[in-house]
Amino acid sequence: MKFILVLYICMAGVCESVYEETPYNNVEDCTQASEQVKETAQEMFPYSSGQVWCLSQDEFEKYKIALGETSNT
């Protein structure tokens, strides 16, 4: 199963969702990378808030639908 790293970040009342194009081969690798992304985001944007997730491809498709994005697969 493949996993996609998703970052949801809010700054000054504006929230954005970004994600990596290349999926991880397992949840462990994605989780490890998510910790690095979280630390970097906190350092670069100390007054922001947000969340980092590792979603399966099925969960990611549902997430994109919830955000109003269309699937390109």
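A disulfide here is a pair of cysteine sulfur atoms within 2.5 Å. With that in hand, here are some notes on this predicted model.

1. **Disulfide pattern.** Searching the whole structure turns up two disulfides. Counting bonded cysteines along the chain, they follow the pattern 1-2, 3-4.

2. **Cys10 and Cys15.** One of the links joins Cys10 to Cys15, with an S to S distance of 2.0 Å. The torsion about this S-S bond is about 110°, so the disulfide is right-handed. As for its two ends, Cys10 is buried at 16% relative accessible area, while Cys15 is partly exposed at 34%.

3. **Cys30 and Cys54.** A disulfide is also formed by Cys30 and Cys54, whose sulfur atoms are 2.2 Å apart. This link is left-handed, with -100° about the S-S bond. Cys30 belongs to helix α1 and Cys54 to strand β3, so the pair ties together parts that lie 24 residues apart in sequence. Both Cys30 and Cys54 are buried.

4. **The largest core.** You will meet Cys30 and Cys54 again in the largest nonpolar core, whose nine residues are Phe3, Leu5, Leu7, Ile9, Tyr24, Cys30, Ala33, Val52 and Cys54. The elements that supply two or more of these residues are β1 (3-11), α1 (27-44) and β3 (49-56). The biggest share comes from β1, with four residues. Leaving aside residues up to four places away in sequence, Cys30 touches Phe3, Ile4, Leu5, Tyr24 and Cys54.

5. **Another core.** Apart from the largest core lies another one, of five residues, including Val6, Leu55, Phe60 and Tyr63.

6. **The salt bridge.** How many salt bridges does a search of the whole structure find? The search gives one. Lys64 pairs with Glu61, and their closest N and O atoms are 3.8 Å apart; the cut-off for such a pair is 4 Å. The two residues sit three apart in helix α2 (residues 57-67), so about one helical turn separates them. Is Lys64 buried or exposed? With a relative accessibility of 4%, Lys64 counts as buried, whereas Glu61 is partly exposed at 21%. Side chains of opposite charge can pair when their charged atoms come close.

7. **A nonpolar surface patch.** Please also look at Met11, Met44 and Phe45, which form a nonpolar patch on the surface and together have about 290 Å² of accessible area. Met11 is placed in strand β1 and counts as partly exposed, at 37% relative accessibility. Strand β1 is also the element that gives the most to the largest core.

Key: Residues numbered from 1 in each chain as written. Predicted model: local features only at pLDDT ≥ 70, side-chain atom pairs only at ≥ 80, totals over all residues. Heavy atoms only, no water. Core = buried A, V, L, I, M, F, W, Y, C linked by side-chain atoms within 4.5 Å. Buried < 20%, exposed > 50% of the residue type's maximum accessible area, 1.4 Å probe, protein only. Contact = heavy atoms within 4.5 Å. Salt bridge = Lys/Arg side-chain N within 4 Å of Asp/Glu carboxyl O. Patch = residues over 30% accessible without salt bridge, like charges linked within 9 Å, V, L, I, M, F, W, Y side chains within 5 Å. Areas by Shrake-Rupley, 256 points an atom, 1.4 Å probe, with all protein chains shown as cover.
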